Amino acid sequence: MGSEENQEISPEELIKKEAEAIFAKTYHCPICDEDFKHKTVKSNRVRRLGADIDLRPRMKDVDILKYQMLFCPHCGYAAMPAYFDHISGTQRRLITANISETFEPKEESESPVISYDEAIGAYLQALKCAEVKLGKLSEKAYYNLIVHWLMEEKLLEIKNEDTKAKLATQSELFYRRAYDGFTKAISEEYFPMAGMDEITVDYLVGYMAYHFKDFEIASKQVSTVLVNQMAPRRIKDLALELKEKIIEELKKK
């Protein structure tokens with residue numbers, strides 16, 4: 001859910017505050033060699049408020065997730081900064097042949113901020129690119145996770161119940177793909193994974209397992225976090241909270 005600090009502010013004021021926290025930064029596309037501008041969050045203007053129990057980050061005045069995806073409007077290549085420039089010659093050829101050749105260049109948006117629809121579209125494009133370039137399971141899982149988070153936020157804007165129900169179903173589908181992707185990546189990839197260390201991913205998978213009522217896996221993941229002496233206090237506190245939730249659910253059986 002949105003920050004409690006923003007609940008009393010009008011939509012117009014929220015947009016104004018968000019616009020003040022971003023600027024247009026120039027990036028260079030490794031696929032088409034063109035420069036493009038992307039709305040980027042000013043690091044000195046953002047204050048972290050914390051994270052939800054599922055690790056979804058919260059910032060004051062701006063939803064940082066909307067601004068973390070780079071999307072070249074010239075060729076259609078999209079990826080998060082950590083992956084954007086790290087691309088092999090083979091992957092470049094795959095993107096060019098399967099994405100860029102049929103992509104229609106986009107005009108720069110006149111909106112001062114990135115909407116949830118635009119952000120979701122950018123992540124979906126990144127998922128398409130990740131599939132085409134044969135990207136890591138963890139990269140695709142992370143994109144699916146963020147699409148879910150963004151859709152959950154978009155749900156708060158929708159009034160029509162049928163539209164809301166359809167989007168909620170889609171959101172769950174992306175969350176499931178994220179869960180399956182990270183579960184498989186844990187056994188096939190090295191850490192860090194999508195910028196997260198092993199402790200963070202263990203907790204994240206534990207929470208997703210709880211969400212999907214895979215309580216055996218959830219319990220195992222939470223225990224792994226709680227016995228890890230390197231786990232930071234904030235993760236251990238979340239794990240303890242999650243453990244209580246799992247216990248309550250198991251009592252209902």
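## A buried tyrosine pair

Tyrosine 123 is buried, and tyrosine 143 is buried as well. In this predicted model, a search of the whole structure finds 10 aromatic pairs. Tyrosine 123 and tyrosine 143 form one such pair, with an edge-to-face arrangement in which the ring centres are 6.3 Å apart and the planes stand at 70° to each other. This pair links distant parts of the chain, since tyrosine 123 belongs to helix α4 (residues 116–132) and tyrosine 143 to helix α5 (residues 137–155), 20 residues apart.

## A second pair, within helix α7

Tyrosine 207 and tyrosine 210 form an aromatic pair that is tilted, with 5.8 Å from centre to centre and 50° between the planes. Both tyrosine 207 and tyrosine 210 lie in helix α7 (residues 198–211), where they are 3 residues apart, about one turn of the helix. Tyrosine 207 has a relative accessibility of 13% and therefore counts as buried, and tyrosine 210, at 16%, counts as buried too.

## Helix α7 and its surroundings

The 14 residues of α7 should span 20 Å at 1.5 Å a residue, and the C-alpha atoms at its ends are 20 Å apart, which agrees with that expectation. Because 12 of its 14 residues are buried, α7 is largely enclosed by the rest of the structure. Among the buried residues of α7 are Ile199, Asp202, Leu204, Gly206 and Met208, and the buried part of the helix packs against α5, α6 (161–188), α8 (215–226) and α9 (233–251).

At the N-terminal end of α7, aspartate 197 acts as a cap, with a side-chain oxygen lying 3.3 Å from the backbone nitrogen of isoleucine 199. Just after the helix, lysine 213 takes a positive phi of about 65°.

## Other aromatic groupings and charges over rings

Elsewhere, Tyr27, Phe36, Tyr77 and Phe84 form one aromatic cluster. Rings also take part in arrangements with charged side chains: the charged end of lysine 66 sits over the ring of tyrosine 116, at 4.7 Å from the ring centre, while arginine 177 lies over the face of phenylalanine 174, 5.2 Å from the centre of that ring.

## Confidence in the model

Averaged over the chain, the pLDDT is 93, and 97% of the residues score at least 70. Residues 1–6 are a stretch to read with caution, as pLDDT stays under 50 there, and the model has 13 contacts for these residues beyond four places in sequence.

Methods: Residues numbered from 1 in each chain as written. Predicted model: local features only at pLDDT ≥ 70, side-chain atom pairs only at ≥ 80, totals over all residues. Heavy atoms only, no water. Phe/Tyr/Trp six-rings, centres within 6.5 Å; stacked < 30°, edge-to-face > 60°. Helix = DSSP H or I, 4+ residues; strand = E, 2+ residues; numbered from the N terminus. Buried < 20%, exposed > 50% of the residue type's maximum accessible area, 1.4 Å probe, protein only. Lys NZ or Arg CZ within 6 Å of the ring centre and 35° of its normal. pLDDT = per-residue confidence, 0-100. Contact = heavy atoms within 4.5 Å. Expected span 1.5 Å × (residues − 1). Polar contact = N/O pair within 3.5 Å; in protein donor to acceptor, adjacent residues only side chain to side chain.
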